[in-house]
Every structure is written in structure tokens, then in C-alpha cells.
Amino acid sequence: MYYDPKTSIYTGAPPAVIPDGLSLYDFMFHWRSTPNSTKRPDPTNSTWLIDSLDGRTLSFEGAHERTLNIARAFHSLGVGSDDCVLLFSGNEVDYATSLWASSRLGAVTSTANPAYTSSELTYQLNIVNEHNPVKVLVVHPDSLLAGIEAVDKSSLPTTSIVLIRAPDETTDPKAADLASNYRTLDDLIAELQSLDLPPTPVMTAAESKTKAAFYIFSSGTTGLPKATCISAYSVIAHVLQAASHWSATLPFTPFDPSTQTGDKVMACLPFYHIYGLVVVLHQSLFFATPVVVLRKFSLPTFLGAIERFKISILYVVPPMVVLLVKNDTSKYNLDSVRAGMTGAAPLTEETSLALQKKFPTWTFGQGYGMTETCTIISLFAGKNTPGASAGRLVPSVEGKIVSPEGKLLPPGEIGELWSRSPSNALGYLGNEKATAETFDLDGFVHTGDECRFDDAGWLYVVDRIKELIKVKGFQVAPAELEGHLLEHPLVQDVGVIGIVDEKDGERPKAFIHLVASAAEKLAKDPSLAEELSTTIKQHVKDHKVHYKHLGEVEFVPAIPKTPSGKLLRKDLRALHAASEKS
Ligand code: 4UV
């Protein structure tokens, strides 16, 4: 890692050698290390995926066979190389095999939070479908109703709904009833034993770098959620870059089933988010490290799974660290844990130190990344993070700190971080304007994060300049909530910001300029504020996933704007600070 004062660019070193011309399927099942690449342990006979609930286990070979069977199922439903498979499910073993099956057919995979309401999923389906027909929606039984409604609303005549697994005793009886009308992946596989798969599409070097393998939704620095196009090369680059960092700082030990020794990773972070998808799933499997798939996170299931499966590596987000620190964990044997990583939102130094004090034998690092950079920009895996630093640039990532006027800043100074990496995404699907704003012509992603490097190259994420709100590490786009709130008959104008929340990191707060009639009523009777606030909050609850729900509502006579009509979020932040004080 070095800083070049001539260009003001920092570079993570040594450079990672990244193979091209591979799909993700090729990389996972057929690629082995080349002389110059990060060394991949031989995956033969390794344990890959373990379901934390029923203990179902897939080896490398088992995962490959299952992937080909699911590819047959998708092929029978018409999935080809210009189509999309949309995964609308929480973590399941077949989440991984479904996305590799999609890759085997040359299709693109899009991922959606299974808690989305039907209107949130419809929004995503419509954007993707405009470019690549969504031929299959792989859905969890718990999300089936929203999935059916969204497919109906999006008028996608050729979309087949397939259940990722059959309902079980945890499934709501109504959803289970509905599910009886749909086939599961297992049903399809049983019907299709003899179906021939088309040959594996040949991926040229150029295609592996320019064709999207994933559409992951992110609002980026501004506006509504957008489909971030991520190529197979981006994912492979990320895995090799991060693997190179881990190998040098805190090497993984491949798990040996015969002696039951080696590392095991906990997948409690969702695979539909870039962190869970790329870091937890693909990077762990690169190291032949079994991934224990936790279907739903709660502290007892998380701790219980660590004990039962003797997990050694944890990937978490800051609110999970807070839970670990603040709750009694003594009922569980957590001795197997040796290391962990937090990221996706800031971790306070206080929480970091409390974690080290409570679990002194754990080495706990921090990573920083974003969907648009797929994924890690900086990482600190080798030692306990001091809390404040988000690590150093990983191999082959370049970074520079830029002032609002576009001036390059030297070490120590704070500005926006621009990051260039072989893993960077291609841009936003069908949105040239937003792509040009975030992905510049020199290949740098403008992160929207205010950062600084110290003299030794440690990166500090100081603040967020972009609009984005992070609740439990999940993205909430203020523009999305503002658009939704404006549809309410009580709302004349609105501005949304993130406010600090001890448990979830942040939560959204809406400033509402009421329509004249409601504002008059409120002026006459201030006790109406609570009722109005509940109505506004309910409007969000009825249509949006839980982490987008409003924490607070404040009524204001006007929303502060520039003369050109641009919302002044910093003024809203000042208003919030003033209300906190009063
Ligand atoms: O696009 P996104 O939702 O992406 C992420 C990815 C986080 C990762 C990925 C791999 C890791 O190994 C890891 O540790 C973390 O969250 O949101 C991107 C924005 O989230 C904030 C920052 O504003 C990004 O632009 N963010 C992500 N990581 C950190 C963070 C961090 N360590 N500290 C502060 N903010």
C-alpha cells in the first residue's frame, strides 16, 4: 500500500491477478489457481453449504450437481442467456445453487429483500424486465403473496413463480395453503431428471467484464434505488482481492471433514445484499470454508448456531455487534470463534472496545465497501480494529480524497473518497445520468462518503455526504420515502433525513409540510400532532419494508430548499438538532 504524492493516489498492494473469460459458475466449479493468482485451496470433497436449521449439507460436488439440476429446472421454464432470474428469498442453501444455476445458463440474477412489499418488488421487477425478461421468480413461501401480487401488477406474462423450498411448520398456514398451487425447486428437479442442458455459454474475456451477472439494487449517492450492474469479473476480482488480503493477514484454514478441524463461516447476513453475497458466500467458499446458512437472524438462533456448528468466523453489521455486547451470551459456548468482521455502517469506537473486552480472544476487523464497488474498498482483518479506522485499501484498489471543488487532497485531509478497482460495477441499468454522476470516465466510483487517510494509509470514514440512510446496514433512500409520502393527501411537501439510533445505527425522520387545511387544524389544536404523525407513519408502514419505517415525524411550515428547488438536507439536520435540544 503506498501513496504517490504526484498523483495523490493511494494503491492497495500487491496487485491481484484476476482471470477473465469466466462466468461465476465457471469460477466456482471449474477454475483453479493460476501461478500468479491468490492460491485457492483444492475444493474437491470440501463441505460447502450447511443449513443451520435441518443440518442439510452440500459438498463442493453436491453443490455442483444441485446447481446443474436447478439449471435444468430454469431451462425448462425458458431461462436463456438474455433473461433474468430474480431471487426473492432470505438465506437458504438453494439461494446459492440457484444463482449459480442462473450463471450456468448465462442469465443475470437479481436479488430482492424477501421482506419487501409487493409494490417494492414491482418497482424492481419493472426496471429489470425492461432490459432482461424476468423468466423466473424464485420465492420463499413466506414471501409468496407479495411475489404473486408483484408479478400480477408488473404484467409479466412469462414469469414463472417457483418456491425455493416447500412450506414447513414455521410457515404461516395461509401462505402454506397458497404455496400448494406452486412448484418447488425439488418438484421441478424430480420432473426433469432426463432433460439435457444446453452447452455452457462461452464467455469471452470482454463479455466477462461487460455483461452483468447481477443486478443488485442500490440508491447510490442520490435518488431512487437503481439496478447496479455487476459483472462476473467484478465478483471474481473482489474474491481474489479480498482473499489476498485475508491470506496475508489472517489466513483461513480449509475445513477438513475427516478431522472436523478448520474454519467455518456463519452466513447470518443476507445473500441479497452485496456483503453477504460476495464476501460471506463467495469468498468463504473460495477458501473451501463451509458456510453455515442461517435462515433468519435472531440473537438466540445466531448464538445457538455458533455453538452447534462450532463457527470460527463471523461476518456481522454494527447493530449485531451491539447485540453481542449488550446481551448475556454466557449460556452459549462461543469458544470456537476466532475472528470476525463488521462493515456496512459505522462502528463506534466504544462498541468496538466493548466487544474486545467481552471477547478478548476474538480478532475483530472492519471492512468498508459499497454495492457500486462490489464490494470491499478497505479492510482490516489481521488485528482488532481500533474502531475508528475502516482498514487499508485491499490489493489493486486505488483511492483518492477529493474536495467539493474537485481538488486532490493530501494525507490527513477530509474529502470525498473516489475509488477505482477491477471489482467496480459497470453502472446503473438504463440510467446513464446516474451512472455518469457516480462512475467517472477514469474508472473511479465517487463514493459519496467523506473520508481521510492518515500518513500510514489507514482509511477513516468520517461522514456520509450522500443522501443514503443506513438502518441495520440496509439502504434506505430518502428520495423513495419522500416520493411515497408526497402521495399522501395530508402532505404538501416533505424532506427525509437519517437520525442516530442506538439500536439500528440510524432511522429515517420525515419533516412534513402539511396541506393548508391540516396545517390550520394543527395550529388551532397542537394536540393533533400525535394523531397526524401516526397517520403519516402508518402510510409508510402499509407500503414499505420494516427498516424503512419512520422513527420520527416533525411538522414544519416549509421544507428548506435552494432557490432552484433542491432540498437542503443540512438545514433539516440543523432543525433536528434544534428539536433534540428543546
Ligand atoms: O451499498 P451498500 O449497502 O454496501 C455496503 C457494503 C458493505 C461491506 C461490504 C463488504 C465488507 O467486507 C464489509 O465489511 C462491508 O454496505 O452501502 C454502502 C455505504 O455503506 C456505508 C458507506 O456510506 C457506504 O458508501 N458503509 C459501508 N461500510 C462502512 C460504511 C463502514 N465500515 N463504516 C462506515 N460506513
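In this predicted model, a polar atom of the Thr-38 side chain lies 3.2 Å from the backbone oxygen of Leu-240. Thr-38 itself belongs to the loop that runs between helix H1 (24–29) and strand S3 (47–51). Although it sits in a loop, Thr-38 counts as buried, because its relative accessibility is 13% and the cut-off for burial is under 20%. Once neighbours within four places in sequence are set aside, the residues in contact with Thr-38 are Trp-31, Ser-33, Leu-240, Ala-243, Ser-244, Ser-247 and Phe-286. Leu-240 thus appears again, as a contact of Thr-38 and as the owner of the backbone oxygen described above. Asp-142 offers another view of Thr-38: these two residues are 104 places apart along the chain, and their C-alpha atoms are separated by 40 Å.

A second loop residue to look at is Asn-424, found between strand S19 (415–420) and strand S20 (427–428). Is Asn-424 buried or exposed? With a relative accessible area of 10%, Asn-424 is buried, since that value falls under the 20% cut-off. Beyond its neighbours within four places in sequence, Asn-424 is in contact with Ser-234, Glu-372, Thr-373, Ser-419, Gly-443 and Val-445.

Ser-579 is found in a helix, H18, which covers residues 569–581. Here the relative accessibility is 25%, so Ser-579 counts as partly exposed. Its side chain reaches the backbone oxygen of Leu-575 at 2.8 Å. Outside the stretch of four places on either side in sequence, Ser-579 is in contact with Lys-509 and Glu-554. For Glu-554, the separation along the chain is 25 residues, while the C-alpha atoms of Ser-579 and Glu-554 are 9.0 Å apart.

Attention now turns to strands and a helix that pack together. Strand S13 (residues 313–316) and strand S14 run parallel and are joined by four bridges. Which residue of S14 is the bridge partner of Leu-314? That partner is Gly-340. Within S14 (residues 339–342), Ala-339 and Met-341 point one way, whereas Gly-340 and Thr-342 point the other way. Residues on both sides of the strand are buried. Helix H12 (residues 318–326) also has buried residues, namely Pro-318, Pro-319, Met-320, Val-321, Val-322 and Leu-324. These buried residues pack against S13 and S14, and also against helix H11 (299–309), helix H13 (349–358) and S15.

Strand S15 leads on to the ligand, because S15 gives the most to the shell around it, with four residues. In total, 23 residues surround the ligand, and the closest are Gly-367, Thr-371, Asp-449, Lys-466 and Lys-470. What kinds of residue make up this shell? By class, the shell has ten nonpolar, nine polar and four charged residues.

Several polar side-chain atoms lie beside oxygen atoms of the ligand. For Asp-449 the distance is 2.5 Å, and for Lys-466 the distance is 2.6 Å. Gln-475 adds a side-chain N or O atom that is 2.9 Å from an oxygen atom of the ligand. Taken alone, the ligand exposes 670 Å², and the protein buries 99% of that. Elements that give two or more residues to the shell are helix H10 (274–286), strand S15 (363–369) and strand S22 (459–464).

Notes:
Residues numbered from 1 in each chain as written. Predicted model: local features only at pLDDT ≥ 70, side-chain atom pairs only at ≥ 80, totals over all residues. Heavy atoms only, no water. Near = heavy atom within 4 Å. Polar contact = N/O pair within 3.5 Å; in protein donor to acceptor, adjacent residues only side chain to side chain. Areas by Shrake-Rupley, 256 points an atom, 1.4 Å probe, with all protein chains shown as cover. Nonpolar A, V, L, I, M, F, W, Y, C, P; charged D, E, K, R; others polar. Buried < 20%, exposed > 50% of the residue type's maximum accessible area, 1.4 Å probe, protein only. Contact = heavy atoms within 4.5 Å. Pairing = 2+ DSSP bridges.
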